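Good morning, and thank you for the opportunity to present. I shall go through one protein model, beginning with a single helix and then widening the view.

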Amino acid sequence: MKRAAGAFLALMVMTGCTADREPSTEQPAFYVSMANPNAKLDGPVAASMISGYRQNNGLGAVQIDPLLMKAAEAQSNAMASRNKLDHNVAGTLDKRIKASGFDATKAVENVSAGYHTLAEAFSGWRDSPPHKANMLASGVTKMGIAATYAPNTKYKVFWTLILAAPDGQ
């Protein structure tokens with residue numbers, strides 16, 4: 001009887017502790033919709049997701065690079081402003097990387113449109129052989145990623161992922 005009373009008391013104490021807290025309504029960053037003018041893509045979460053995928057495939061992690069983040073944002077903005085999904089809408093990747101100031105020995109890029117969340121974009125890239133190959137490119141250690149919301153376009157959200165190896169690596 002004492003055990004039952006003790007268990008009941010412990011349950012009441014635990015319930016009392018949790019009853020004062022409001023349930024969390026915040027979504028994990030990879031499920032936040034980018035189809036919203038106030039949405040902010042969480043770069044470190046994206047880097048963690050891509051790094052985990054690479055590590056599960058025997059490759060090294062990638063880190064956010066500010067120059068590549070700007071280059072990815074410029075590409076996503078260019079696609080959104082032209083309502084066009086295209087790697088070369090703002091010039092070739094090589095030219096855009098050089099213009100960003102990032103000195104790369106190797107760079108690859110995934111673009112997409114229509115996915116509203118990071119999880120959706122990542123899954124789309126993972127399930128596409130050429131995009132998967134880019135995410136699993138050997139030697140890359142830096143990345144930039146962007147999502148641009150364009151409400152008056154066919155796709156609504158334009159994505160760019162750039163993975164690169166800095167010169168001298």
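**One helix and its surroundings**

The buried residues of helix α4 are covered by elements that include α3 (66-82), β2 (104-113) and β4 (157-166). Before going further, I should state that this is a predicted model.

Which residues of α4 are buried? Helix α4 spans residues 93-100, and its buried residues are L93, R96, I97 and S100. Viewed down the axis of α4, these buried residues fall within an arc of 100°, so they line one face of the helix. The general background is familiar: an α-helix has 3.6 residues a turn, so residues three or four places apart point the same way. On the other side of α4 we find D94, K95, K98 and A99, which are exposed.

Let me take one residue from that exposed side. K98 lies in helix α4, and its relative accessible area of 68% makes it exposed. Its C-alpha atom is separated by 9.6 Å from that of A71, and the two residues are 27 apart along the chain. Just after α4, the backbone at G101 adopts a positive phi of about 95°.

**The whole chain**

With that helix in mind, let me place it in the chain. The protein contains 6 helices and 4 strands. Read from the N terminus, the order of the elements is α-α-β-α-α-β-α-α-β-β. The protein has 169 residues, of which 37% count as buried. How are the contacts distributed along the sequence? If we consider contacts between residues at least 6 apart in sequence, 70% of them join residues at least 24 apart.

**A buried alanine in α3**

A residue of α3 illustrates such sequence separations. A72 lies in helix α3 and is buried, with a relative accessible area of 0%. What is A72 in contact with, once its neighbours within four places in sequence are left aside? Its partners are G144, I145, A146, T160 and I162. Strand β3 covers residues 142-149, and β4 covers residues 157-166. There is also a spatial relation to the helix with which I began: the C-alpha atoms of A72 and I97 are separated by 9.3 Å, with their positions 25 residues apart along the chain. I97 is one of the buried residues of α4.

**Two packed helices**

I turn now to a helix pair. In general, two packed helices are described by the angle between their axes and the distance between the axes. Here, helix α2 (residues 43-56) packs with helix α5 (residues 118-126) at an angle of about 30°, and their axes are 11 Å apart. Angles under 35 degrees count as roughly parallel, and α2 and α5 are therefore roughly parallel to each other. The crossing of α2 past α5 is right-handed.

Which residues make this contact? From α2 they are V45, A46, M49, I50 and Y53, and from α5 they are L118, F122 and R126. By residue class, the contact comprises 7 nonpolar residues, no polar ones and 1 charged one.

The surroundings of α5 extend beyond this pair. Its buried residues are L118, A119, A121, F122, G124 and W125, and what covers them includes α2, β2, α6 (129-135), β3 and β4. L118 and F122 therefore appear in both lists, as residues of the contact with α2 and as buried residues of α5.

On the α2 side, one further residue may be noted. G52 lies in helix α2 and counts as partly exposed, at 23% relative accessibility. The C-alpha atoms of G52 and V62, which are 10 residues apart along the chain, are separated by 9.3 Å.

**Backbone angles in two loops**

I close with two loop residues. As general background, most residues other than glycine have a negative phi. N83 is not a glycine, yet it has a positive phi of about 50°. This residue sits in the loop between α3 and α4, where it is partly exposed, with a relative accessible area of 35%.

The second case is K156, in the loop between β3 and β4. Phi of K156 is near 75°, again a positive value in a residue other than glycine. At 30% relative accessibility, K156 counts as partly exposed.

Methods: Residues are numbered from 1 along each chain as its sequence is written. This is a predicted model: local features need pLDDT of at least 70, side-chain atom pairs count only at pLDDT 80 or more; totals for chains, interfaces and linings use all residues. Side-chain values use heavy atoms; hydrogens and water are left out. Buried means under 20% relative accessible area, exposed over 50%, partly exposed in between (1.4 Å probe, protein chains only). The arc is that of the directions from the helix axis to the C-beta atoms. Contact means heavy atoms within 4.5 Å. Axes are lines fitted to C-alpha atoms, for helices over the stretch in contact, and angles run from 0 to 180 degrees between N-to-C directions. Angles under 35 degrees count as roughly parallel, over 145 as roughly antiparallel, 65 to 115 as roughly perpendicular and the rest as oblique. A crossing is left-handed if the near helix is turned anticlockwise from the far one by less than a right angle, and right-handed if clockwise. Ala, Val, Leu, Ile, Met, Phe, Trp, Tyr, Cys and Pro count as nonpolar, Asp, Glu, Lys and Arg as charged, and the others, Gly among them, as polar.
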